[in-house]
Amino acid sequence: MDQAVGFDELHWLQELTYKTQKAEMPALIETRLLKRKLIERKDGRCSLTPRGLIALAKLA
C-alpha cells in the first residue's frame with residue numbers, strides 16, 4: 001500500500017540531504033519513514049534509502 005508523503009515528512013527527507021542537520025527528527029516522523037523504507041538507521045543516524053531518494057526527486 002503506497003501512502004502519500006506529507007509536508008512534514010518531505011521536509012525531513014530534504015533535511016537528510018544536508019551535511020549538517022539543524023534539529024533532531026521527531027520520533028513519529030522517523031517511524032513513518034522507516035516503515036515505508038524511505039530512510040534507514042546506520043550508525044545511530046538516519047539516512048536516505050534509494051527509494052527515499054526517488055521519492056524526494058519526484059516531490060521536490
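These legends accompany several close-up views of a predicted model.

**Figure 1. The whole chain, with three helices and two strands.**
Welcome to the overview, which sets the scene for the close-ups. Starting at the N terminus, the order of elements is α-α-β-β-α. The C-alpha trace extends over about 30 × 20 × 20 Å along its principal axes. For 60 residues, a compact globule would have a radius of gyration near 10 Å, and the chain, at 11 Å, agrees with that. Of the 60 residues, 32% are buried. Among contacts with a separation of 6 or more, 34% join residues that lie 24 or more positions apart.

**Figure 2. Helix H2, residues 27-35, and its two sides.**
Which residues of helix H2 are buried? They are Ile 29, Glu 30 and Leu 33. These three sit on the same side of H2, because they cover an arc of only 100° around the axis. The other side of H2 carries the exposed residues Ala 27, Leu 28, Thr 31 and Lys 35. As you trace the buried residues of H2 outwards, you will find them packing against H1, strand E1 (39-42) and E2.

**Figure 3. Helix H3, residues 50-59, and what its buried residues pack against.**
Here the view moves to another helix. Gly 52, Ala 55 and Leu 56 are the buried residues of H3. Their arc around the axis is only 100°, so they share the same side of H3. Pro 50, Ala 57 and Lys 58 are exposed on the other side of H3. What do the buried residues of H3 pack against? Their partners are helix H1 (7-15) and strand E2 (45-48).

**Figure 4. Leu 38, in the loop between H2 and E1.**
Is Leu 38 buried or exposed? Its relative accessibility is 6%, and a residue is buried when the value is under 20%, so Leu 38 counts as buried. Beyond residues up to four places away in sequence, Leu 38 touches Val 5, Leu 13, Leu 33, Ser 47, Leu 48, Thr 49, Arg 51, Gly 52 and Ala 55. Two of these names may look familiar: Gly 52 and Ala 55 are among the buried residues of helix H3, while Leu 33 is one of the buried residues of helix H2. Pro 50 makes a handy landmark in this view: Leu 38 and Pro 50 are 12 residues apart along the chain, and their C-alpha atoms are separated by 7.6 Å.

**Figure 5. The largest pocket, lined by 10 residues.**
This view takes you to an open space in the model. The largest pocket holds about 250 Å³ of space. Which residues of the lining lie nearest the centre of the pocket? They are Asp 2, Gln 3, Val 5, Leu 38 and Arg 51. If you come here from the previous figure, note that Val 5 and Arg 51 are also among the residues that Leu 38 touches. The lining as a whole has six nonpolar residues, one polar residue and three charged residues.

**Figure 6. Lys 37 and Asp 43, each with a positive phi.**
Have a look at the backbone in this pair of loops. Lys 37 follows H2 and belongs to the loop between H2 and E1. Its phi is positive, about 60°, although Lys 37 is not a glycine. Lys 37 is exposed, with a relative accessible area of 56%. Asp 43 is found in the loop between E1 and E2. Asp 43 is not a glycine either, yet its phi is positive, at about 55°. With a relative accessible area of 82%, Asp 43 is exposed.

**Figure 7. Gln 14 and Glu 15 in helix H1.**
The last close-up compares two neighbours. Gln 14 is partly exposed, with a relative accessible area of 29%, whereas Glu 15 is buried, at 3%. Setting aside residues up to four places away in sequence, Gln 14 touches Leu 56 and Ala 60. Glu 15, with neighbours within four places likewise left out, is in contact with Gln 21, Lys 22 and Ala 23. Glu 30 offers a point of reference: in sequence Gln 14 and Glu 30 are 16 residues apart, and in space they are 13 Å apart, C-alpha to C-alpha.

Conventions: Residues numbered from 1 in each chain as written. Predicted model: local features only at pLDDT ≥ 70, side-chain atom pairs only at ≥ 80, totals over all residues. Heavy atoms only, no water. 1 Å grid on protein atoms, 1.4 Å probe; cavity = no way out; pocket = protein on both sides within 12 Å on 5 of 7 lines; lining within 4 Å. Points joined across faces, edges and corners; volume = space filled by probe spheres on them. Nonpolar A, V, L, I, M, F, W, Y, C, P; charged D, E, K, R; others polar. Buried < 20%, exposed > 50% of the residue type's maximum accessible area, 1.4 Å probe, protein only. Helix = DSSP H or I, 4+ residues; strand = E, 2+ residues; numbered from the N terminus. Arc of directions from axis to C-beta. Contact = heavy atoms within 4.5 Å. Rg over C-alpha atoms; globule rule 2.2 N^0.38 Å.
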